[in-house]
Amino acid sequence: MNISNKSLFKNKCFVNGEWINSANNSSIDVINPATLKSIGKVPDCGTKETHEAIKKAYESWKNWKEKTALERSILLKKWNDLILANQEDLAQIMTIEQGKPISESRAEIVYGASFVEWFAEECKRVYGDIIPDRFKDKRTVVIKQPIGVVGAITPWNFPSSMITRKCAPALAVGCPVIIKPAPQTPFSALALASLAEKAGFPKGVINILTGDAEKIGKELCSNSLVRKISFTGSTEVGKILLKQSAPTVKKVSLELGGHAPFIAFEDCDIDEAVTGAIQSKFRNTGQTCVCANRIFIHEKIYEIFIKKFTEEVSKIKVGNGLEENVTAGPLIDNLAVEKVKDHIQDAIKKGSKIAIGGKPHDLGGNFYEPTILYDVSIKAKITNEETFGPVAPIYKFSSEKEVIEMANNSEYGLASYFFSRDIGRIWRVSEALEYGIVGVNTGLPSKAEIPFGGMKQSGLGREGSKYGLEDFLEIKYINMAGI
Ligand code: NAP
């Protein structure tokens with residue numbers, strides 16, 4: 001591996017300030033999705049290690065919450081500086097385990113760090129209220145306090161930023177965290193922990209456990225010392241965690257699956273819409289929760305859009321993400337490849353046509369050709385399920401009313417996009433879309449200062465922005481009498 005700071009590549013878990021193996025020394029293999037070769041092993045932890053980590057995190061809470069916001073902010077800023085100083089090494093680790101092009105990994109490291117920087121500032125503004133009381137001799141004060149130990153479970157598609165988007169606000173307001181990263185991408189998580197250690201966070205405040213998801217998840221959800229679960233991943237697993245957290249009545253935040261509609265109206269700038277479609281569909285080889293999954297094009301611009309979109313997709317260079325000119329890496333594993341194949345075959349059976357792609361890439365393994373399908377049936381699986389791959393299904397529409405109904409016809413409600421230059425339409429459609437995120441004339445709406453999250457079965461709560469702090473805080477009302 002071509003990294004200059006070798007100490008970033010850790011193959012042990014980080015608990016209570018120490019690097020540990022699993023209790024029985026078992027481990028799991030991590031595979032590079034581009035080469036299908038092993039990168040290394042990480043501990044296979046379970047219930048016992050999680051129980052111990054929770055105990056230690058809880059013990060660390062007292063001192064951590066008593067630090068001032070300024071003290072916590074200083075540590076977060078040190079962590080942010082170290083992440084940025086090690087950007088290239090962190091990006092190399094990410095591409096090797098996740099597969100995304102190195103330019104996307106570099107961008108993710110900066111994006112991930114931006115949450116640390118943002119919350120290092122925002123924690124200084126956790127304001128309370130003084131509410132005018134209805135009785136003369138009483139005063140009413142509202143303060144906000146850290147909720148307690150946080151269990152964070154993250155996916156493989158954004159191995160770094162999904163961790164900082166949860167940890168930074170939790171740490172900023174005074175909560176210790178236990179992170180369970182995805183088994184495909186543990187090294188990015190462990191590298192972040194090693195930089196947190198260097199930044200000087202007190203022991204027990206940041207903990208990372210790799211291993212058995214079900215066992216770690218169950219212990220995090222059922223242990224009453226954990227007061228909050230923050231999960232990013234599939235809707236299916238989100239529902240399990242919600243259920244498991246019910247007996248101890250934990251606060252739960254869920255960033256789940258998406259099925260984003262992308263609409264190009266007849267009055268849009270077509271080139272701008274094509275750029276937006278490329279960004280929102282093909283970034284990370286189509287493996288983002290905010291990927292455009294249903295592309296609705298007005299009948300007046302249908303042919304020209306497909307022509308220009310196809311031209312741009314033909315320029316995507318598929319390959320090992322470590323090669324500088326590659327713009328699309330492999331899918332994460334063979335299961336992901338099979339799902340893409342299944343969605344394409346089913347769509348073709350139901351009448352879709354292929355503009356480009358449509359088969360596994362000549363490179364073999366987990367590589368798949370960037371694909372555009374058009375004239376897609378609303379009965380096709382791809383219309384109703386998240387593909388999580390490089391397939392763009394295109395549908396024709398003729399009116400604003402019709403396309404809003406089609407766009408909202410989903411159990412998901414995370415991201416949506418539309419392109420128009422009509423200001424009246426921009427307001428109308430933005431308000432009508434049942435999605436937590438609406439990108440207007442942009443395919444890239446994510447940043448640290450916005451509230452990221454979904455409606456319906458795309459989740460609960462918001463991450464990033466001033467709202468991202470609320471999920472890690474309890475509101476306390478203090479009533480003073482005898483004034
Ligand atoms: P996933 O299968 O739900 O896994 C996510 C994480 O949950 C992994 O760490 C996984 O570990 C763990 N997990 C699985 N079963 C568990 C259980 N019973 N208890 C506790 N943890 C469990 O999702 P994925 O395939 O990694 O990620 C893709 C999904 O994430 C897509 O649906 C995507 O839309 C969504 N996503 C959403 C957002 C957002 O912000 N809304 C962002 C990124 C991704 P194991 O793999 O070891 O089981």
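This passage walks through the cores, one helix, the cysteines and a few individual residues of a predicted model.

We can start with the nonpolar interior. The largest nonpolar core holds 56 residues, and the members touching the most others are Trp 79, Ile 83, Leu 171 and Phe 201. Helix H6, running over residues 186-199, is the top contributor to this core, with 9 residues. Ile 83 gives a feel for how the packing works: leaving out residues up to four places away in sequence, Ile 83 touches Leu 90, Ile 109, Ala 113 and Val 116, and also Leu 192 and Leu 195. There is also a second core, separate from the one just described, made of 35 residues. Among its members are Ala 260, Phe 262, Ile 270 and Ile 394.

Ile 270 brings us to helix H9, which covers residues 270-282. With 13 residues at 1.5 Å a residue, H9 should span 18 Å, and its end C-alpha atoms do lie 18 Å apart, so the two values agree. Quite a few of its side chains are tucked away: Ile 270, Ala 273, Val 274, Gly 276, Ala 277, Ser 280, Lys 281 and Phe 282 are buried. The cover over the buried residues of H9 includes helix H10 (302-313) along with several strands, among them E12 (260-264), E13 (292-298), E15 (371-374), E16 (391-397) and E18 (415-419).

Just past this helix sits an oddity of the backbone. Thr 285, in the loop between H9 and E13, has a phi near 55 degrees, a positive value in a residue other than glycine. Thr 285 is buried, at a relative accessible area of 5%. Leu 36 is another case, with phi near 65 degrees, again positive and again not a glycine. Its loop joins strand E3 (27-31) to strand E4 (38-43), and at 48% relative accessibility Leu 36 counts as partly exposed. For context, most residues other than glycine have a negative phi.

On the charged side, what does Asp 89 pair with, given that it is buried? Asp 89 has no salt bridge, and the nearest side chain of opposite charge, that of Lys 6, is 7.5 Å away, whereas a salt bridge calls for a nitrogen within 4 Å of a carboxyl oxygen. Asp 89 belongs to helix H3 (residues 87-98). Setting aside neighbours within four places in sequence, Asp 89 is in contact with Asn 2, Ile 3, Ser 4, Asn 5 and Leu 8.

Lys 124 is placed in the loop between helix H4 (102-122) and strand E5 (129-131) and is partly exposed, with a relative accessible area of 35%. Lys 124 and Leu 70 are 54 residues apart in sequence, yet their C-alpha atoms are 6.7 Å apart in space. Apart from residues up to four places away in sequence, Lys 124 touches Leu 70 as well as Ala 69, Ser 73 and Lys 77.

That leaves the cysteines. How many disulfides turn up in a search of the whole structure? The count is 0. Cys 221 stays unpaired because the closest cysteine sulfur, in Cys 167, is 16 Å from its own, too far for a bond. Cys 221 is buried, at 0% relative accessibility. Cys 268 is likewise in no disulfide, with the nearest cysteine sulfur, that of Cys 291, 20 Å away. At 9% relative accessibility, Cys 268 counts as buried too.

Conventions. Residues are numbered from 1 along each chain as its sequence is written. This is a predicted model: local features need pLDDT of at least 70, side-chain atom pairs count only at pLDDT 80 or more; totals for chains, interfaces and linings use all residues. Side-chain values use heavy atoms; hydrogens and water are left out. A nonpolar core is a set of buried Ala, Val, Leu, Ile, Met, Phe, Trp, Tyr and Cys residues joined through side-chain atoms within 4.5 Å. Buried means under 20% relative accessible area, exposed over 50%, partly exposed in between (1.4 Å probe, protein chains only). Helices (H or I, at least four residues) and strands (E, at least two) are DSSP runs, numbered from the N terminus. Contact means heavy atoms within 4.5 Å. Lys and Arg count as positive and Asp and Glu as negative; His and the chain ends are not counted. A disulfide is a pair of cysteine sulfur atoms within 2.5 Å. The expected span of a helix is 1.5 Å times one less than its number of residues.
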